[in-house]
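Ready for a few exercises on salt bridges and a pocket? Have a go at each task before you read its solution.

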Amino acid sequence: MPFFSLARARYGHPDRLTRLRWRLSRILGRSIRWPDELELAELGAARWDLRWGLLNTTPPWRSLCGAPEHFESPQDWLERLAHPLDRARLRPALDRLLNGQPGRAGVEDWHESLRLQAPGTQEWRWFSLKLRLWRQGASGRPRHLLALLSDISWRRVAQERERMSVTLFEHVGQGLAVLDMEQNLLDANPAYCSLMRADREALLGAVAQPLQPGVLRRAGHDPVQIREGLAQGQSWQGRVSLQREDGELISLALSLAGIPEPEGPPRYQVLTLQDQTLQIQQQRLLEAQQSHDALTGLPNLAEFRRRLAQALDASRREGFALCVVWLDLDRFRQINDQHGRMLGDRLLLQVGRRLDGALRSGREWADELAHLGGDEFGLLLRCKDAAEAELALQRLLNVLRAPFPLAELPEPLDITASLGATLHPRDQSDAETLLRHAAHALYRVKRSGRNAYQLFDTEKHARSDAQALALGRMQEALDAGELCLHYQPKVDMRKGLVLGVEALLRWQHPEKGLLGPAHFLPVLERTGLGVRVGDWVIEQALKQSSLWLSQGLALRVSVNVAARHLQADDFTQRLQELLARHPGVPLARHLMLEVLESAALADIEATQVLIRRCRALGVSFALDDFGTGYSTLTYLKRLPVDALKIDRSFIQNMLIDAQDHALVKGVISLAKTFDCSVVAEGVESAAHARALMALGCELGQGNGIAPAMPAAELVDWVARFQAHPVLAGRQEAESGLAIH
């Protein structure tokens with residue numbers, strides 16, 4: 001029994017035993033000299049005198065495990081400091097070492113790893129514990145025990161990481177390979193070998209197949225640039241396609257990087273492979289589903305638009321004409337209603353196949369076909385010119401005119417199609433506009449009877465665009481107050497009196513100056529804006545008439561009314577509203593509406609009703625440009641007009657053309673018959689005035705009398721004219737005197 005066990009049995013007091021042990025350990029420690037190499041090697045050393053139960057330790061031992069020096073035995077030390085798992089594992093072995101067979105002398109060694117708690121922390125660290133036991137002579141009792149303790153946590157961490165790396169390398173789903181700097185394969189994991197469908201031994205020593213120059217170049221990668229980047233410490237990622245040993249084509253995502261060295265450039269590379277074949281196939285399938293029609297397998301509308309944009313680029317680059325076609329089957333809805341949707345779908349499938357078979361192709365190009373939805377198809381045809389485009393369109397019509405055999409029907413089904421098309425670059429539009437133009441052309445074919453084709457008329461469309469722009473500018477002019485009225489006097493040529501004025505529309509253009517009606521009235525015809533401008537003219541003329549009446553100037557104001565304006569259902573109501581804005585002023589009897597003869601006769605019944613309603617308001621009517629239409633006595637009798645205005649073309653030629661002279665004479669006589677006044681337009685000279693008065697026409701207007709003028713100038717002109725008439729008095733006119 002150890003000495004201190006006997007002492008405890010006899011004396012029993014723990015403090016006295018501890019002090020006694022400490023003193024003996026100090027004495028024993030001074031007698032032991034530990035080699036300096038232990039401290040240099042960072043080894044902790046401890047020595048037990050098992051006979052006396054004394055322990056002596058080195059400073060490194062105490063710093064490593066923080067152990068006090070008063071352990072009764074190595075088992076006590078293990079029990080108090082070791083990790084519970086290690087304690088349970090090592091205690092039986094330590095007992096066997098210390099309690100070996102009696103009578104056995106000599107030296108025994110024991111080596112194990114265990115975990116001790118780092119001093120002052122909750123961290124468990126791994127240590128290597130080496131024991132050497134000396135047994136005493138013939139009795140074989142343990143005598144001395146030397147313990148060496150070294151921190152091997154770093155080694156255990158490295159081993160654990162190595163185990164994890166090996167496990168990861170072997171079991172990871174991605175292909176991994178270790179290469180030298182020449183990209184020769186040094187090692188590969190099972191996933192890599194499985195991806196390449198090859199044995200590991202067959203792959204070792206050769207350049208990794210995904211990094212072979214030919215494979216990289218086909219994928220658009222530069223092998224030299226990749227190697228130079230890796231040599232500079234960069235990594236590289238890319239995608240390649242290759243044919244592996246079993247002949248299957250696969251797509252791989254690659255990642256390549258150098259393995260850093262503590263000193264100097266990298267000596268090894270790691271290659272990671274990921275099989276993306278299925279992913280790419282699914283992506284392509286999804287893209288095909290999104291860009292192609294499920295029924296026919298043809299490109300859909302979205303894909304057709306994309307291909308149209310590409311074809312336009314090629315057309316500009318290569319200089320060919322591109323015919324954009326929108327095809328629609330005639331009366332396809334009736335086929336669906338009569339035979340069912342399933343038969344209609346099979347018919348569409350056959351139509352698509354037949355059209356596809358009719359497409360042309362060259363070495364580096366091909367015409368395009370798409371199913372745009374329903375019974376509509378789109379085509380992109382490469383042509384030299386419009387003539388070739390029309391031949392191609394006619395060929396497509398002929399292809400579809402052949403009967404379609406369908407199993408459900410006893411007889412083949414006859415169908416026809418309508419085609420609308422536009423030709424680039426004659427049609428200088430973008431892709432979306434080209435499609436719209438083709439659809440417009442198709443609409444015209446449908447309206448004109450179907451079973452035909454039509455090319456979009458770019459010139460007509462350009463005119464329409466120009467008209468739309470001009471119409472918009474006229475709207476701006478109306479809103480900005482740029483429109484105005486000038487007034488041309490109507491006079492009694494014999495008496496020299498001013499009886500009225502004709503309100504004539506003018507445009508005070510901010511850049512072009514004063515514009516006559518010929519510059520803008522054609523734009524307004526047959527448009528809603530023309531009606532708005534017509535209302536505006538009447539409104540302004542009434543305001544001016546009211547102002548003149550307040551100044552004592554009673555003039556009848558004539559306003560021209562366009563056919564569309566006159567035919568509006570609410571014309572009379574709006575005229576009444578305009579008159580009602582001037583209560584107490586007899587404006588109605590001072591207003592005359594002038595209507596072109598052709599407009600009045602367009603709908604004789606409606607015009608007759610309209611004139612009567614307006615005359616009921618007190619407004620008078622005149623037929624303008626009389627003689628240019630096709631009036632008959634019957635028509636004239638049915639129109640209760642107040643005046644006839646002889647067209648200026650007859651007045652100007654009456655002095656040199658006997659027929660015009662006779663026509664003017666007949667109109668004057670006709671007006672007297674129907675109790676209408678007659679006004680001659682375009683009186684340009686005294687000779688015209690004398691000739692007209694000789695025939696009985698006393699009223700005239702024209703530049704020979706006075707041009708149209710602003711309202712502000714008219715009052716003074718009337719005063720001057722009536723004080724000194726341009727035309728001579730009655731006797732002078734009959735005597736043939738000229739206009740002054």
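Here are three exercises on this predicted model, each with a worked solution.

**Exercise 1.** Find out which helix holds both Arg-306 and Glu-303, and whether Glu-303 is buried or exposed.

*Solution.* Start with the contact: the two side chains, Arg-306 and Glu-303, form a salt bridge at 2.5 Å, N to O. Next, place them: both sit in helix H13 (residues 301-318), three residues apart, or about one turn of the helix. Now check accessibility. Glu-303 has a relative accessible area of 8%, and buried means under 20%, so Glu-303 is buried. Arg-306, at 41%, counts as partly exposed.

**Exercise 2.** Work out which strands are tied together by the pair Lys-645 and Glu-681.

*Solution.* First, the closest N and O atoms of Lys-645 and Glu-681 are 3.3 Å apart, in a salt bridge. Lys-645 belongs to strand S22 (residues 643-646) and Glu-681 to strand S23 (residues 677-681), so the pair ties together parts 36 residues apart in sequence. Then look at burial: Lys-645 is buried at 1% relative accessible area, and Glu-681 is buried at 4%. Finally, widen the view: Lys-645 and Glu-681 are linked with Lys-490, Glu-502 and Glu-594 in a network of salt bridges.

**Exercise 3.** Describe the largest pocket by its volume and by the classes of its lining residues.

*Solution.* Begin with the volume, about 1,100 Å³. Of the 38 lining residues, those closest to the centre are Leu-521, Asn-560, Val-561, Ala-562 and Leu-596. Sorted by class, the lining has 17 nonpolar, 10 polar and 11 charged residues.

Technical notes:
Residues numbered from 1 in each chain as written. Predicted model: local features only at pLDDT ≥ 70, side-chain atom pairs only at ≥ 80, totals over all residues. Heavy atoms only, no water. 1 Å grid on protein atoms, 1.4 Å probe; cavity = no way out; pocket = protein on both sides within 12 Å on 5 of 7 lines; lining within 4 Å. Points joined across faces, edges and corners; volume = space filled by probe spheres on them. Nonpolar A, V, L, I, M, F, W, Y, C, P; charged D, E, K, R; others polar. Salt bridge = Lys/Arg side-chain N within 4 Å of Asp/Glu carboxyl O. Helix = DSSP H or I, 4+ residues; strand = E, 2+ residues; numbered from the N terminus. Buried < 20%, exposed > 50% of the residue type's maximum accessible area, 1.4 Å probe, protein only.
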